[in-house]
Amino acid sequence: AEFILGLTGGIGSGKTTVANLFGEQGIELVDADVIAREVVEPGSTGLKAIETHFGSGILQADGSLDRAKLRERIFTNESERLWLNNLLHPMIRQTMLSAAKKSDSDYVILVVPLLFENGLDSLVDRTLVVDISPELQIQRTVKRDNVSEAQIANIIASQISREERLQKADDIIDNRGEIADLREQVNRLHQYYLTLAASKAP
Ligand code: ATP
């Protein structure tokens, strides 16, 4: 697809739910979380580089990446964290972009939780933010994942603020309401994106 939309929002805002509604309209989705796993799967150049750098102790018995161990290694070591980001971010960026270009739906959506935080908004033609209050983020995520409120509050605090995210957004979906409200907003935006995609097509 020629026209690329970046879909983002804070934890538990409803990105996946919104993405799936666009998917129902036949729009292809490229999920950053899936790609982030692909670039370190067994046999990948990403995993080989990590093994060379950290040693084979960073692998599990089955040869896959030991994520807990890697998290531990970078948690207290800023230069290791930077090394890892410098390795993985360009790979993730490149893989997302080529997946987007390969897709042949009318437009394509990159679903990226940290779109603004990681500067991936520079890859897309337009950004769409799913917005809810922090209170609702906590309520829905606690219900979904059965984790503590404090844990979710910490993650919210580590992400870009709601105000900053909304300020950067080209378009906003308000996900306070019910799924029916969401569907209506998605369908309206979908029609709009079809016209934008048509005017960008070669
Ligand atoms: P994460 O960043 O954690 O991956 P997300 O932004 O992808 O989350 P979803 O998983 O789509 O968010 O939604 C979070 C939870 O809230 C899910 O359990 C989802 O079913 C629920 N949810 C989403 N939208 C609504 C809504 N309008 N009303 C009620 N529940 C909703």
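In the predicted model, the side chain of arginine 140 places an N or O atom 3.4 Å from a nitrogen atom of the ligand. Taken alone, the ligand exposes 630 Å², of which the protein buries 73%. Backbone atoms also take part in polar contacts with the ligand: a polar backbone atom of glycine 12 lies 3.2 Å from a ligand oxygen atom, and a backbone N or O atom of glycine 14 is found 3.0 Å from an oxygen atom of the ligand. In total, 14 residues surround the ligand, and those that come nearest are Lys15, Thr16, Thr17, Arg144 and Asn175.

The largest pocket of the protein encloses about 2000 Å³ of space. Its lining comprises 47 residues, with Asp33, Ala36, Pro113, Leu114 and Gln159 lying nearest the centre of the pocket. By residue class, this lining consists of 20 nonpolar, 14 polar and 13 charged residues.

Several secondary-structure elements contribute to the wall of the largest pocket. At least two lining residues each are supplied by helices H1 (15–24), H2 (32–38), H4 (67–75), H5 (78–102), H6 (134–145) and H7 (149–158), and by strand S2 (28–31). Among these elements, H5 gives the most to the lining, with seven residues.

The lining also draws on both domains of the protein. Residues are given by domain 1, which spans 1–27 + 106–202, and by domain 2, which spans 32–104, and the largest pocket therefore lies between the two domains.

Terms used:
Residues numbered from 1 in each chain as written. Predicted model: local features only at pLDDT ≥ 70, side-chain atom pairs only at ≥ 80, totals over all residues. Heavy atoms only, no water. 1 Å grid on protein atoms, 1.4 Å probe; cavity = no way out; pocket = protein on both sides within 12 Å on 5 of 7 lines; lining within 4 Å. Points joined across faces, edges and corners; volume = space filled by probe spheres on them. Helix = DSSP H or I, 4+ residues; strand = E, 2+ residues; numbered from the N terminus. Nonpolar A, V, L, I, M, F, W, Y, C, P; charged D, E, K, R; others polar. Domains from an automatic or database assignment. Near = heavy atom within 4 Å. Polar contact = N/O pair within 3.5 Å; in protein donor to acceptor, adjacent residues only side chain to side chain. Areas by Shrake-Rupley, 256 points an atom, 1.4 Å probe, with all protein chains shown as cover.
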